[in-house]
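Got your viewer open and a selection box ready? Load the model below and follow along, one stop at a time.

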Amino acid sequence: MSRDDKITIMKLAPIFRHIIRIGPVILLAVLFLSSSTIPPGDQLQRVRFYTRDIEFDFLSWTLDALFVKLNQFSLGSSNYISSDDQHQIVVDYMDLVSNIQGLEWQLNMIYGDPSIEDPQAASEAVRSELDDLNQQREKIAPVAEEILQNQLSQVAADMGLAPAGQPIPPVLYHSTSLPWSLITSPRDEIVQMSSINLIPDLSVDQHVVLEEKVDKAADVSSLVVGIGGIGLYPTMISHTSNLTWLSEVVAHEWAHNILSLRPLGVNYLTSPELRTMNETAASIAGNEIGLAILERYYPEFVPPPPPPVPPPSTSKDVPPPDPPAFDFRAEMRETRVTVDELLAEDQIEEAEAYMEKRRQFFWENGYRIRKLNQAYFAFYGAYADVPGGAAGEDPVGAAVRELRAQSPSLAAFLNRISWMSSFEQLLNAIE
């Protein structure tokens, strides 16, 4: 064995040891995420009759992503790059992704324009440039990802989330085209029955056809939704040019990796309450860690604080204030509360008609919601790190937020909630 081979093995040894330790966790995550969140049964089989041929292959993706990470780890490129150059690489990578997304939009417009007789010829230059930029992304992405991984690791250590000096599990993520997720809920109540992950290259019209078939066959409410990340290992993160969003989502999914090693994450699928506890805790962690990354490494991307609210004026000469802008979260909360009340009274058709009316109302105010139904609320209602919205009056999110408010630090909050395995434990903790 050559000296270079020995050095390479020494570099790879720590990550190999970690992969061996968490191998069962990876396998369980793949099994969970590639199947439904309910035990097999007639209803699930009726749904999967339409999805089996288009379900996402998580095992192949995980093996490919691990290969990319092991290769990058062996090179250790970011260790030889200055802090300023690391900053510039990530910013340039964001710009590159933005250019790719712009070209993809142009390509869609060309193929959707009825006045263009030969879109293949008309898009030749765009497709050529897109190919070049995608090749650049494949080369730069692993380095940019390693830089962000290291930065998140340092921030996590400073926040007390790495007791041994190294976050456990280590931060690993890979940007990719994410699968779609088919969510189903009963029509008479809002609860996520299943989440089946589908291949990324499905068009909107295919989503609609699939939903209609599933709704009819299983008498459920279904919706194909886009997701920003999945807590595999390495975690799956959607391609984005938004560094603020990327920092938050990478931290969010890494928080899921932490939780998956403890009772809260292990029991993710046990009940709707535990799912909401998981997602809300991960969202809180993602928001706080993501902001800390920006403040430390990318201060120019830190969002500005909200403008102060002016005090009310008592002068008669002052004109009345402008009417408040459309409040999406408040309106969505009102919608969810009303739907819950109608379903509790077994007024299913009335609730569905009301949701369609409200969907049109949101559309008129600039929120392009394709479909608003029970499955929509079952999915988005679990992310309750901010009051209101699709969670309505669900008490779980409020309880998680209260626990965070009572905790002296994010590390203390995550350590406490991660060992819980029921909503009752959370209620007892905040009392």
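Which residues in α10 meet which residues in α14? Select both helices and look: Glu273, Thr276, Met277, Thr280, Ala281, Ile284 and Glu288 in α10 meet Val396, Gly397, Val400, Arg401 and Arg404 in α14. Contact here means heavy atoms within 4.5 Å.

Before going further, some housekeeping. This is a predicted model, with local features needing pLDDT of at least 70 and side-chain atom pairs counting only at pLDDT 80 or more, while totals for chains, interfaces and linings use all residues. Residues are numbered from 1 along each chain as its sequence is written, and side-chain values use heavy atoms, leaving out hydrogens and water.

**Stop 1: α10 and α14**

By class, that contact has five nonpolar, three polar and four charged residues. Ala, Val, Leu, Ile, Met, Phe, Trp, Tyr, Cys and Pro count as nonpolar, Asp, Glu, Lys and Arg as charged, and the others, Gly among them, as polar. Now widen the selection to 272-297 for α10 and 395-406 for α14: the axes come within 9 Å and cross at roughly 45°. Axes are lines fitted to C-alpha atoms, for helices over the stretch in contact, and angles run from 0 to 180 degrees between N-to-C directions. The pair is therefore oblique (under 35 degrees is roughly parallel, over 145 roughly antiparallel, 65 to 115 roughly perpendicular, the rest oblique). The crossing is right-handed, with the near helix turned clockwise from the far one by less than a right angle; anticlockwise would be left-handed.

**Stop 2: α14 and α16**

Keep α14 and add α16, residues 423-430. These two pack at about 45° with axes 10 Å apart, which makes α14 oblique to α16. The crossing of α14 and α16 is left-handed. Show side chains for Pro395, Val396, Ala399, Val400, Glu402, Leu403 and Gln406 in α14, which meet Phe423, Leu426, Leu427, Ala429 and Ile430 in α16. This contact divides into ten nonpolar, one polar and one charged residue.

**Stop 3: Ser422**

Step back to Ser422, in the loop between α15 (410-417) and α16. Leaving aside residues up to four places away in sequence, Ser422 touches Leu274 and Met277. Put a distance label on the C-alpha atoms of Ser422 and Asn267: they are 155 residues apart along the chain, yet separated by 8.6 Å.

**Stop 4: the β3-β2-β4 sheet**

Three strands form this open, antiparallel sheet in the order β3-β2-β4. Strands pair if DSSP finds at least two bridges between them. The edges are β3 (194-198) and β4 (221-225), each pairing on one side only, and the twist averages 20° from one strand to the next. β2 (180-185) pairs with β4 over five bridges, and Ser185 stands opposite Ser221. Colour α7 (204-218) too: this helix touches β2, β3 and β4, and its direction makes about 155° with that of β4.

**Stop 5: the β1-β6-β5 sheet**

This open sheet has mixed pairing. β1 (173-176) and β5 (229-230) each have a single partner strand, so one side of each lacks a neighbour in the sheet. Two bridges join β5 to β6 (235-238), running antiparallel; find Ile230 opposite Met236. Helix α8 (243-259) lies across β1, β5 and β6, at about 160° to β6.

**Zoom out**

The chain comes to 16 helices and six strands; helices (H or I, at least four residues) and strands (E, at least two) are DSSP runs, numbered from the N terminus. Of its 431 residues, 45% count as buried (under 20% relative accessible area, 1.4 Å probe, protein chains only).

Notes. Buried means under 20% relative accessible area, exposed over 50%, partly exposed in between (1.4 Å probe, protein chains only).
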